[in-house]
Amino acid sequence: MDIGSFLAANKSMVIAPAGYGKTYTIAEILSAYKGKKKILVLTHTHAGIASLKEKFISKRIPSSLYQLDTICSFALNLTKTYHINKDEIPSENDVNTMFKYAVEHAILILKANPIKCLLRAKYDHLIVDEYQDCSVAQHLMILEMANAIKTHILGDPLQGIFGFKGQPIVNFEDSSFDPFKSNQQALDTPWRWINAGNPQLGKDLDKIRKKLIAGEDIDLRDYNTIEITIGSNNDYAIPHSDCKKTIFAELRKDTIIIHSNSTSINPRKSVVKQYPQLQLMESIDDKDYYKWCQTFDNISGQTLIAAVVNMLRSLSSNTPVNNWIKEDGTLKRKQKTEDQEITKSISIFANNLSHKKSYKAIVSLMNAIQNIPGITIYRKVFYKDICHILIEADVLGITASEALLRNRNITRRKGREVLKRSIGTTLLTKGLEFDNVVILNAQDFNDPKHLYVALTRCSKRLLVITDNPILHPYAI
């Protein structure tokens, strides 16, 4: 594309399929940029930030050249800085309400000429990635910013999978996009698959894209580049089934599994219990983070010990925990000498916490319990995050809830690495790419956008596990 004319326009846009180089294009724009002010780059998720940052680092783009943030985080910082009645800003414990409020008030703040002057003084350009995921309110916020600085958007309507709790999603056919369309450029090469040495897979996914747009069924047998394993929803848990053997074989290498269910964590927890080498991808705003931090802040004594045990029950399987610890958090008596040594060690940590509450003592008790023989933590990322947050609270002398908010604000700006051999959803993997992808329960996708996002996360190998090779991803 012509980067010079793209940046020269007050408003410009790129619409391109997944894997055609939108993220790389942003890195190219920054490499070619010769201005003195920063370029503000906004996206939607911490995964998107991580992907962009990886590209920027690979091209050795200095961080002094850009500011990278999520749209919601940028709106929140703007609102916290300039909103007069700061007590009106909703608590960060209710993320959806808080960000909705932040965006709505950021629109009002951005209408002020002094704020527009501040934007012009700091930034030459605004680039917004994954624009199809913008709510109408976020779009209005971007339009206000476009009145102050040159604004460039990139997106793909077929990847618009994020919902905003009833808020309408932006429509590219709206007349407000006409100034952007006057300076529209296209990307027409499937670089993700060409660079990975599998150009035919890119061509096949383009054929599938056209069928999805047309509302047609997808017969996976028509595409030799896509591997298929026939299996029902629960075959992954059946010993010696083709499905289970296939997944075990795939997990010998770095593989990402994408589950068709994006609304609940429980189906993915069930899969991780069958394949303990898998890591469970976590949303940084999962309500459990806020729930447990608030709980640990507000209780003490034996009630706190019981809460720690209950959290570990939720992160592992109940039976091993229940074999050692009662419902109230007290330890069960053991007959074997080696078991008595384990309970004695845990009792020391529990007594320390009961007599003198500290976040460090909570972590010590957690670590002692999770080391009990037979206990396996299935939400390893969550466990690691909570330990880190509690230690940070202890070091900084703040509450766990305050440490969580501090940690999340940093993560939203910096992004978070996705571990290999993980299981996630389209919402957690969107904007990322992986060498090998397994799609689980593909027959259950009832939205063409979610299916398209899942299919296009791979670069080298794509394996689809489904009970029917003919997919009809349209809600009835």
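Strand 10 and strand 11 (residues 422-424) run parallel to each other and are joined by two bridges, where strands are DSSP runs of E with at least two residues and helices are runs of H or I with at least four residues, both numbered from the N terminus. Two strands are said to pair if DSSP finds at least two bridges between them. Within this pairing, Gln279 has Ser422 of strand 11 as its bridge partner.

The model is predicted: local features need pLDDT of at least 70 and side-chain atom pairs count only at pLDDT 80 or more, whereas totals for chains, interfaces and linings use all residues. Residues are numbered from 1 along each chain as its sequence is written, and side-chain values use heavy atoms, with hydrogens and water left out.

**The two sheets**

Strands 10 and 11 belong to an open sheet of six strands, ordered 8-13-12-9-11-10, with parallel pairing. Strand 8 (226-230) and strand 10 (279-280) form its edges, each pairing on one side only.

An open sheet with the order 3-2-4-5-1-6 also has six strands and parallel pairing. Its edge strands, each paired on one side only, are strand 3 (66-70) and strand 6 (184-186). From one strand to the next, the twist averages 20°; angles run from 0 to 180 degrees between N-to-C directions, and axes are lines fitted to C-alpha atoms, for helices over the stretch in contact. Strand 2 (residues 38-43) pairs with strand 3 in the parallel sense through five bridges, and Leu40 is matched there with Gln67 of strand 3.

Two helices accompany these strands. Helix 3 (residues 46-58) lies across strand 2 and strand 3, at about 160° to strand 3. Helix 6 (residues 113-122) packs on the sheet and touches strand 2, strand 3 and strand 4 (123-128), its direction making about 95° with that of strand 4. Contact here means heavy atoms within 4.5 Å.

**Helix 5 and helix 16**

The 16 residues of helix 5 (residues 95-110) should span 22 Å at 1.5 Å a residue, and the end C-alpha atoms are 22 Å apart, which agrees; the expected span is 1.5 Å times one less than the number of residues. Buried residues of helix 5 include Val95, Phe99, Ala102, Ala106 and Leu110, buried meaning under 20% relative accessible area, exposed over 50% and partly exposed in between (1.4 Å probe, protein chains only).

Asn351 lies in helix 16 (residues 337-355) and is partly exposed, with a relative accessible area of 43%. Its C-alpha atom is separated by 9.2 Å from that of Ile305, 46 residues apart along the chain.

**Cysteines**

The structure holds zero disulfides, a disulfide being a pair of cysteine sulfur atoms within 2.5 Å. The sulfur of Cys243 is too far from the closest cysteine sulfur for a bond. Two cysteines are set out below.

| Cysteine | Closest cysteine sulfur | Sulfur distance | Relative accessible area |
|---|---|---|---|
| Cys134 | Cys72 | 9.2 Å | 0%, buried |
| Cys243 | Cys458 | 18 Å | 1%, buried |

**The chain as a whole**

The chain contains 21 helices and 14 strands. Its radius of gyration is 24 Å, in agreement with the value near 23 Å for a compact globule of 476 residues; the radius is taken over C-alpha atoms, and the globule rule is 2.2 Å times the number of residues to the power 0.38. The C-alpha trace spans about 80 × 60 × 45 Å along its principal axes. Of the 476 residues, 55% count as buried. Among contacts between residues at least 6 apart in sequence, 76% join residues at least 24 apart.
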